[in-house]
Amino acid sequence: MKKTILLLLGITLLVASCAEKTSFTITGKLPSGAYDGQQVYLQTLADNWKDRVNIDTANVVDGQFVFKGLAQEGPMLHFILLDDAPEKMQMPVGVVVEPGEIAVSLNDSASTVSGTPTNDSYQSFVGQVQSLSNEMNKLFEKAKEDEGNKELQAELEKQYNEKDKQLTSVTYGFVKANISNQVGAYLLSRNYYRFSLEQMEEFKPQIKTEVKTNERISKIEASVNAQLATTVGKQFTDIKGKTPEGTDSALSDFAGKGKYVLVDFWASWCPPCRAEMPNLVEAYKQYKDKG
């Protein structure tokens, strides 16, 4: 009997210890008294990583609200939204749910999230993105004011592109540091167009298996694989079809035989395609006798 009791006690302590290691608490603050009685929603991303789904609700009491739960799947991006918020507070606030004590402050100037490692780094990233985006918007507005000044336009465009490069660098740094969790993978799905093929190839093996089933990530991975298959030096993918006369034809009938082959895809309903035809004819005349 004693052994059974000790065993049960040991299991209970083990379960409690595991729960403590994976538990999170979100303590939120609002301007005292201004939003008491309102509800706050804790939301997660839907399976499509586009929509949001309510998973918990808390009431504002004395300017505070609390969410508690377990974070057993690693850092996950969630959102906090006040039910009846003024215009400046209607945007949901991103918060990373992970084990630990998370502090959230909601106000109409600048909401903040802190307390755990990923939240701290995520907030730093968001701040950098916001700062660069504001600078880029100012450059864009300045360019609109004097569109006739070509020298000024060129300088503003140069500055804008430089800020955009910085934005890409900041985004790459955060995604690289978090690509093995859902937060990094989600931001990759929103910013993949910023990264080179080499960077995307670097990210691919680090994405968690369960995240790869997401539709957005699956499409990105398929695109990367297609680009890798068609990079310079790779064996071409054979294309088969019919000639205008109805006979079978394949790219391999021409390519892969020690000569350069130009392949042009066009459609009769495509004006730019038709406009390019004279240039193709000239190219043919120039190179046809050179094999």
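## Two sheets and their helices

F24 stands opposite G100 in strand 7. That pairing is a handy place to start in this predicted model. It belongs to a parallel match in which six bridges join strand 1 (residues 23–29) to strand 7 (residues 100–105).

Let's widen the view to the sheet around these strands. Strands 1 and 7 sit in an open sheet of four strands with the order 4-1-7-8, and the pairing there is mixed. Its edges are formed by strand 4 (64–70) and strand 8 (112–114), each of which pairs on one side only. From one strand to the next, the twist averages 15°.

Now for the other sheet. Four strands in the order 3-2-5-6 make up an open sheet with antiparallel pairing. Strand 3 (52–59) and strand 6 (93–97) stand at the edges with a single partner strand each, so one side of each has no neighbour in the sheet. Here the twist averages 30° from one strand to the next.

Within this sheet, strand 5 (residues 76–82) pairs with strand 6 in the antiparallel sense, over five bridges. If you would like a residue to look for, M76 has V97 in strand 6 as its bridge partner.

Which helices pack on these strands? Helix 4 (residues 182–191) packs on the sheet and touches strand 2 (39–45), strand 5 and strand 6, with its direction at about 80° to that of strand 5. Helix 2 (residues 117–145) lies across strand 5 and strand 6, running at about 150° to strand 6.

Both of these helices also pack against another helix, and the table sets out the two pairs.

| Helix pair | Angle | Axes |
|---|---|---|
| Helix 4 and helix 7 (residues 215–229) | about 60° | 10 Å apart |
| Helix 2 and helix 3 (residues 150–178) | roughly 165° | within 10 Å |

Take helix 2 and helix 3 to begin with. Their crossing angle is roughly 165°, and angles over 145 degrees count as roughly antiparallel, so helix 2 is roughly antiparallel to helix 3. The crossing of helix 2 past helix 3 is left-handed. On the helix 2 side, the contact residues include Y122, F125, V129, L132 and L139, while those of helix 3 include L156, Y160, L167, V170 and F174. Sorted by class, the contact of helix 2 with helix 3 has twelve nonpolar, eight polar and four charged residues.

Helix 4 and helix 7 meet at an angle of about 60°, and the two are therefore oblique to each other. This crossing is left-handed as well. In helix 4, A185, L188, S189 and R190 meet R216, I217 and I220 of helix 7. By class, the contact of helix 4 with helix 7 has four nonpolar, one polar and two charged residues.

Finally, a look at the aromatic rings. How many aromatic pairs are there? The count comes to nine aromatic pairs. One of them is formed by Y122 and F174, a tilted pair with 5.9 Å centre to centre and 55° between the planes. Y122 lies in helix 2 and F174 in helix 3, so this pair ties together parts that are 52 residues apart in sequence. Y122 and F174 also appear among the residues through which helix 2 and helix 3 meet.

Notes. Residues numbered from 1 in each chain as written. Predicted model: local features only at pLDDT ≥ 70, side-chain atom pairs only at ≥ 80, totals over all residues. Heavy atoms only, no water. Pairing = 2+ DSSP bridges. Axes fitted to C-alpha atoms, helices over the stretch in contact; angles between N-to-C directions. Contact = heavy atoms within 4.5 Å. Parallel < 35°, antiparallel > 145°, perpendicular 65-115°, else oblique. Left-handed = near helix turned anticlockwise from the far one by under 90°. Nonpolar A, V, L, I, M, F, W, Y, C, P; charged D, E, K, R; others polar. Phe/Tyr/Trp six-rings, centres within 6.5 Å; stacked < 30°, edge-to-face > 60°.
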